[in-house]
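Hi everyone, thanks for making time. I'd like to walk you through one structure today, so please have a look at it before I start talking.

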Amino acid sequence: MALLEIKKAGDPVLKKICAPVDKIDKRLRKFLDDMAETMYKHEGVGIAAPQVGIPIRAIVVDVGKKRFDIINPVITERVGTIVDSEGCLSFPGVYGEVERAEKVRVEYMNRYGKRKFIEAEGLLARCLQHEVDHLDGHLFIEVAKNITAEKKNRSDNE
Ligand code: CO
């Protein structure tokens with residue numbers, strides 16, 4: 001596995017509408033493993049392919065129980081709304097409150113091309129919506145309220 005570079009705020013790749021994945025092969029699985037390694041290294045709970053510079057419809061999510069490798073996801077149901085705090089690996093130290101559906105159903109293909117679905121609530125539902133947004137070039141910062149940014153400490157400035 002290999003660590004990938006995370007694209008930060010202002011990089012045009014973050015604004016792209018990503019292309020569907022049409023070939024699920026070893027090369028894609030290696031890429032998903034690299035995305036996962038990069039996400040864990042930065043203590044994220046989700047990462048989308050455009051965040052590492054590849055505008056394809058693939059995300060990896062792990063909110064602590066299980067890692068999901070998700071290809072060509074579609075949110076097919078949204079129930080309720082809930083506001084909670086969110087961050088993003090492309091906006092380190094920045095947090096904001098975002099309204100999301102409380103529960104979602106997501107249909108997708110797994111890393112072997114098998115059709116799957118997830119019915120999620122709580123952090124997993126929030127994370128799925130955040131990552132699927134990335135695939136359409138939507139960033140949480142555009143809809144977040146009460147945005148806060150951690151102040152850099154002295155050592156960061158030196
Ligand atoms: Co993000």
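**A walk through the model**

Let's begin with an aromatic residue: Phe91 is buried, with a relative accessible area of 11%. Before I go on, keep in mind that this is a predicted model.

So what does Phe91 pair with? Its partner is Phe140, and the two rings sit edge-to-face, 5.6 Å centre to centre with 80 degrees between the planes. Phe140 is buried as well, at a relative accessible area of 3%. The pair ties together distant parts of the chain: Phe91 is in strand β4, while Phe140 is in the loop between α2 and β6, 49 residues apart. And if you go hunting for others, a search of the whole structure finds one aromatic pair.

Next, the metal. Which residues hold the cobalt ion? The protein donors are Cys88 through SG, plus His130 and His134, each through NE2, and they lie 2.0 to 2.2 Å from the ion. Written as a spacing, that's C-x41-H-x3-H. Cys88 is in strand β3, residues 68-88, and His130 is in helix α2, residues 122-135, so to speak a link between distant parts of the chain, 42 residues apart. Is Cys88 buried or exposed? At 11% relative accessibility, with the cut-off for buried being under 20%, Cys88 counts as buried. His130 is buried too, with a relative accessible area of 6%.

Stay on helix α2 for a moment, where you'll also find Arg126. You might wonder how much of this arginine shows: it is buried, with a relative accessible area of 7%. What does its side chain find in there? It makes a polar contact with the side chain of Glu86, at 2.8 Å. Leaving out residues up to four places away in sequence, Arg126 touches Ile82, Val83, Asp84, Ser85, Glu86, Val98 and Arg100.

Now the greasy parts. The largest nonpolar core has 19 residues, and the ones touching the most other members are Ile59, Ile70, Val104, Ile118, Ala120, Leu124 and Leu128. β2, β3, β4, β5 and α2 each supply at least two residues of this core, with α2 giving the most, six residues. Take Ala120 as an example: beyond its neighbours within four places in sequence, it is in contact with Glu102, Lys103, Val104, Ala125 and Leu128. There's also a second, separate core of 16 residues, including Ile6, Met35, Val52 and Val60.

Met35 brings us to helix α1, where it is one of the buried residues, among them also Leu28, Phe31 and Leu32. Those buried residues pack against β1, β2 and β3. For a quick sanity check on length, α1 has 16 residues, from 26 to 41, and at 1.5 Å a residue it should span 22 Å; its end C-alpha atoms are 22 Å apart, which agrees.

Last topic, backbone oddities. Most residues other than glycine have a negative phi. Where do we see positive values here? Just after α1, Glu43 takes a positive phi of about 55 degrees. Asn72, which lies in strand β3, has a positive phi of about 50 degrees although it is not a glycine. Asn146 also has a positive phi of about 50 degrees; this one lies in strand β6, residues 145-149, and is exposed, with a relative accessible area of 58%.

That's my tour, over to you.

How values were computed
Residues are numbered from 1 along each chain as its sequence is written. This is a predicted model: local features need pLDDT of at least 70, side-chain atom pairs count only at pLDDT 80 or more; totals for chains, interfaces and linings use all residues. Side-chain values use heavy atoms; hydrogens and water are left out. Donors are N, O and S atoms within 2.8 Å of the metal (3.2 Å for Na, K and Ca); water is not among the atoms, so sites may look incomplete. Helices (H or I, at least four residues) and strands (E, at least two) are DSSP runs, numbered from the N terminus. Buried means under 20% relative accessible area, exposed over 50%, partly exposed in between (1.4 Å probe, protein chains only). A polar contact is a pair of N or O atoms within 3.5 Å; within protein, one must be able to donate a hydrogen and the other to accept it, and residues adjacent in sequence count only if both atoms are side-chain atoms. Contact means heavy atoms within 4.5 Å. The expected span of a helix is 1.5 Å times one less than its number of residues. A nonpolar core is a set of buried Ala, Val, Leu, Ile, Met, Phe, Trp, Tyr and Cys residues joined through side-chain atoms within 4.5 Å. Rings of Phe, Tyr and Trp (its six-membered ring) pair if their centres lie within 6.5 Å; planes under 30 degrees apart count as stacked, over 60 as edge-to-face and the rest as tilted.
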